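Colleague: I'm used to gels and assays, not models. Could you walk me through how to read one?

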Amino acid sequence: NEWYPFAEVGTYQIRVRLIRVPGAQQELPAGFASWAVLPRVDVLPRDAARLSAVCEELKAKLETSNSYDEVTDAAVELSYVDDPVAVPYLQAMAVFKSGALSGRAAQGLERVGGEAAANALITLTKDPNLEVSSTARFWLSQLGQATKDPSLLGRIREALTQQ
């Protein structure tokens, strides 16, 4: 769901068409102008146990992989688990490898939103690693702008005014 938020349970058929970009140096072959239909995507109802298992798998990839690409891919995937079950995994990812993934993790927490994600971001703002704490402050402020909950907004504002 990195490019499209599937909001409803159901089956989706995706069509893609490449177009010529003005100023491009190369012309696209004639066949590229037609629509291509990709395999269908089935969006199932929320399954907390399955989401937790996916988060565990991605966490294991982060911790065991020696490949930069694999770690980056796992971090991107984990940051798009848009569910409260991902909060502890994202919080742990933020401080993993001296905060190298803190931006991706904090953005994922902001995307999840809600009290649990805000609490995780507030905790991360107090991290001694400046990269972790400053990134968490930025995404906490973004969460504060998006929240409609006045009590949560108050807690976010209080956390952001503390040094």
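Modeller: Sure. Helices and strands here are DSSP runs, numbered from the N terminus, with at least four residues for a helix and at least two for a strand. Keep in mind that this is a predicted model. On that reading, the protein chain has seven helices and four strands.

Colleague: What pattern does the protein chain follow when read along the sequence?

Modeller: It goes β-β-β-β-α-α-α-α-α-α-α.

Colleague: And what share of the protein chain counts as buried?

Modeller: Buried means under 20% relative accessible area. By that cut-off, 31% of the 163 residues of the protein chain are buried. Another whole-chain figure concerns contacts with a separation of 6 or more: 55% of those in the protein chain come from residues 24 or more positions apart.

Colleague: Let's pick one helix. Which residues of α4 are buried?

Modeller: First the general idea: an α-helix has 3.6 residues a turn, so residues three or four places apart point the same way. Now the case: helix α4 covers residues 102–112, and its buried residues are S102, A105, A106, G108, L109, E110 and V112.

Colleague: Which helices do those buried residues of α4 pack against?

Modeller: They pack against α2 (68–79), α3 (87–95), α5 (114–125) and α6 (130–146). Look just past the end of α4 as well: G113 follows, and its phi is positive, near 70°.

Colleague: How do I read the packing of α4 and α6? At what angle do they pack?

Modeller: You take an axis for each helix, then look at angle and distance. For α4 and α6 the angle is about 25° and the axes are 9 Å apart. Angles under 35 degrees count as roughly parallel, so α4 is roughly parallel to α6. The crossing of α4 past α6 is right-handed.

Colleague: Which residues make that contact?

Modeller: From α4 you have S102, G103, A106, Q107 and E110, and from α6 there are E131, V132, T135, A136, W139, Q142 and L143. Sorted by class, the contact of α4 with α6 has five nonpolar, five polar and two charged residues.

Colleague: Can we zoom in on one of them? Is A106 buried or exposed?

Modeller: A106, which lies in helix α4, is buried, because its relative accessible area is 1%. Setting aside neighbours within four places in sequence, A106 is in contact with L121, T135, A136 and W139. You can also compare sequence and space: A106 and S133 are 27 residues apart in sequence, with 9.8 Å between their C-alpha atoms.

Colleague: And seen from the other side, which residues does T135 contact?

Modeller: T135 sits in helix α6. Leaving out neighbours within four places in sequence, T135 is in contact with S102, G103 and A106. T135 counts as buried, because its relative accessibility is 16%.

Colleague: W139 came up too. How many aromatic pairs does a search of the whole structure find?

Modeller: Two. To read a pair, check the distance between ring centres and the angle between planes; planes over 60 degrees apart count as edge-to-face. F6 and Y12 are edge-to-face, at 4.7 Å centre to centre and 65° between the planes. F138 and W139 are also edge-to-face, at 5.0 Å centre to centre with 85° between the planes.

Colleague: Why do F138 and W139 fall into separate burial classes?

Modeller: It comes down to the cut-offs: under 20% is buried, over 50% is exposed, and partly exposed lies in between. F138 is partly exposed because its relative accessibility is 44%, while W139 is buried because its value is 18%. From the other pair, F6 is partly exposed, with a relative accessible area of 25%.

Colleague: Let me try a helix pair. How are α5 and α7 arranged?

Modeller: Their axes come within 11 Å and cross at roughly 5°, so α5 and α7 are roughly parallel to each other. The contact involves G114, E115, A118, N119 and I122 of α5, with L152, R155, I156 and A159 of α7. By class, that contact has five nonpolar, two polar and two charged residues.

Colleague: One last residue: is R157 buried or exposed?

Modeller: R157, in helix α7 (residues 150–161), is exposed, because its relative accessible area is 55%. The C-alpha atoms of R157 and G144 are separated by 7.4 Å, and the two residues are 13 residues apart along the chain.

Definitions and conventions
Residues numbered from 1 in each chain as written. Predicted model: local features only at pLDDT ≥ 70, side-chain atom pairs only at ≥ 80, totals over all residues. Heavy atoms only, no water. Buried < 20%, exposed > 50% of the residue type's maximum accessible area, 1.4 Å probe, protein only. Contact = heavy atoms within 4.5 Å. Axes fitted to C-alpha atoms, helices over the stretch in contact; angles between N-to-C directions. Parallel < 35°, antiparallel > 145°, perpendicular 65-115°, else oblique. Left-handed = near helix turned anticlockwise from the far one by under 90°. Nonpolar A, V, L, I, M, F, W, Y, C, P; charged D, E, K, R; others polar. Phe/Tyr/Trp six-rings, centres within 6.5 Å; stacked < 30°, edge-to-face > 60°.
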